[in-house]
Amino acid sequence: MWVYEKKLQYPVRVSKCDPRMAKLLIEQYGGADGELAAALRYMNQRYTIPDKIIGLLTDISTEEFAHLEMIATMVYKLTKDATVEQLKEAGMAPYYVNHDRALFYENAGGVPFTATYIQAKGDPIADLYEDIAAEEKARATYQWLIDMTDDVDIQDGLKFLREREVVHSLRFREAVEILKDEQGKKTVF
Ligand SMILES: [Fe+2]
């Protein structure tokens with residue numbers, strides 16, 4: 001079970017209505033390397049990972065849900081005051097006819113979220129390498145998103161999220177080392 005706080009992990013500010021940026025940011029909401037995929041992947045893998053690593057997966061999964069909440073807040077703030085004309089100009093007409101301004105799990109190209117974005121192999125090393133790759137891809141996506149806006153308020157939130165992906169990647173790498181030590185064998189990179 002979880003105890004939750006009624007505040008975001010990090011403050012989310014946007015300086016202006018910008019549906020164009022919202023359309024791009026939705027990638028980290030329902031895209032392959034986004035926060036939903038990360039949260040669900042780790043929460044699910046934890047059941048068959050060795051005991052020493054369960055807490056790590058639970059911790060990081062929980063934090064990814066907090067990041068999902070931040071992305072949702074950004075998309076909401078960027079679109080809540082947009083006119084239908086502004087949404088059309090931003091290429092969000094297909095999104096609007098499906099969802100109005102409601103949040104929905106899809107990527108920047110409009111493809112709905114799918115469980116095929118994630119895997120649970122049952123092999124701890126295979127799963128952890130997937131997790132490291134996921135964190136690195138999420139980090140890169142955040143950088144590309146930062147490059148797509150001149151809104152320093154959004155950039156601030158995205159930089160926080162980018163740095164958390166770096167920390168997660170490092171922690172998953174440590175987990176690999178722990179398992180390798182236990183198995184008494186070296187994995188060749
Ligand atoms: Fe992460």
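# Close-up views of the predicted model

The second largest cavity has a volume of about 40 Å³. This figure, like those that follow, shows a predicted model.

**Figure 1. The second largest cavity and its lining.**
Eight names make up this wall: Val75, Thr79, Leu87, Met92, Tyr95, Asp100, Arg101 and Ala102. By type, the lining divides into five nonpolar residues, one polar and two charged. Two of the lining residues, Leu87 and Asp100, get their own views below.

**Figure 2. Leu87, a residue of helix 5.**
Helix 5 spans residues 84-89 and holds Leu87. Leu87 has a relative accessibility of 2%, so it counts as buried; the cut-off for buried is under 20%. Along the chain, Leu87 and Arg20 are 67 residues apart, yet their C-alpha atoms are separated by 7.8 Å. Leu87 is also one of the residues that line the second largest cavity.

**Figure 3. Asp100 and its positive phi.**
Asp100 is not a glycine, but its phi is positive, at about 55°. The residue is found in the loop between helix 6 and helix 7. Its relative accessible area is 39%, so Asp100 is partly exposed. Asp100 also contributes to the lining of the second largest cavity.

**Figure 4. The largest cavity.**
This cavity holds about 60 Å³ of space. In total, the model has two cavities of 30 Å³ or more. The lining of the largest cavity has 13 residues. Nearest the centre lie Asp33, Gly34, Ala38, Arg41 and Ala134. Helix 3 (35-45) and helix 7 each supply at least two lining residues. Seven of the lining residues are charged, five are nonpolar and one is polar.

**Figure 5. The iron site.**
Which residues donate to the iron ion? The protein donors are Glu64 (OE), Glu135 (OE), Glu135 (OE), Glu165 (OE) and His168 (ND1). Glu135 is thus listed with two OE entries. The donors lie 2.0 to 2.7 Å from the iron ion. Along the chain they follow the spacing E-x70-E-x29-E-x2-H. Glu64 and Glu165 link distant parts of the chain, 101 residues apart. Glu64 is in helix 4 (residues 51-79), and Glu165 is in helix 8 (residues 152-183). Both Glu64 and Glu165 are buried.

**Figure 6. Tyr29 and Tyr105, a stacked aromatic pair.**
The model has four aromatic pairs. In this one, the ring centres of Tyr29 and Tyr105 are 4.6 Å apart, with 15° between the planes. Planes under 30 degrees apart count as stacked, so the pair of Tyr29 and Tyr105 is stacked. The two residues are 76 apart along the chain. Tyr29 sits in helix 2 (residues 27-30). Tyr105 sits in the loop between helix 6 (93-99) and helix 7 (124-147). Is Tyr29 buried or exposed? Tyr29 is buried, with a relative accessible area of 8%. Tyr105, at 31%, is partly exposed.

**Figure 7. Phe113 and Tyr117, an edge-to-face aromatic pair.**
The centres of these two rings are 5.4 Å apart. The angle between the planes is 80°. Over 60 degrees counts as edge-to-face, so that label applies to Phe113 and Tyr117. Phe113 has a relative accessibility of 21% and counts as partly exposed.

**Figure 8. Arg46 over the ring of Tyr47.**
The charged end of Arg46 sits over this ring. Its distance from the ring centre is 4.9 Å.

**Figure 9. The largest pocket.**
The volume of the largest pocket is about 210 Å³. Its lining has 17 residues. Lys23, Pro94, Tyr95, Glu106 and Gly110 lie nearest the centre. Helix 1 (19-25) and helix 6 are the elements that give two or more residues to the lining. Helix 6 provides the largest share, four residues. Nine lining residues are nonpolar, six are polar and two are charged.

**Figure 10. The second largest pocket.**
This pocket has a volume of about 170 Å³. Its lining consists of Trp2, Val3, Tyr4, Glu5, Thr62, Phe65, Ala66 and Glu69. Five of these residues are nonpolar, one is polar and two are charged.

Technical notes. Residues are numbered from 1 along each chain as its sequence is written. This is a predicted model: local features need pLDDT of at least 70, side-chain atom pairs count only at pLDDT 80 or more; totals for chains, interfaces and linings use all residues. Side-chain values use heavy atoms; hydrogens and water are left out. Rings of Phe, Tyr and Trp (its six-membered ring) pair if their centres lie within 6.5 Å; planes under 30 degrees apart count as stacked, over 60 as edge-to-face and the rest as tilted. Buried means under 20% relative accessible area, exposed over 50%, partly exposed in between (1.4 Å probe, protein chains only). A charge sits over a ring if NZ of Lys or CZ of Arg is within 6 Å of the ring centre and within 35 degrees of the ring normal. Donors are N, O and S atoms within 2.8 Å of the metal (3.2 Å for Na, K and Ca); water is not among the atoms, so sites may look incomplete. On a 1 Å grid over the protein atoms alone, a cavity is a set of points where a 1.4 Å probe fits but cannot get out, and a pocket is an open set with protein on both sides within 12 Å along at least five of seven lines; lining residues have an atom within 4 Å of a point. Grid points are joined across faces, edges and corners, and a volume is the space filled by probe spheres set on the points. Ala, Val, Leu, Ile, Met, Phe, Trp, Tyr, Cys and Pro count as nonpolar, Asp, Glu, Lys and Arg as charged, and the others, Gly among them, as polar.
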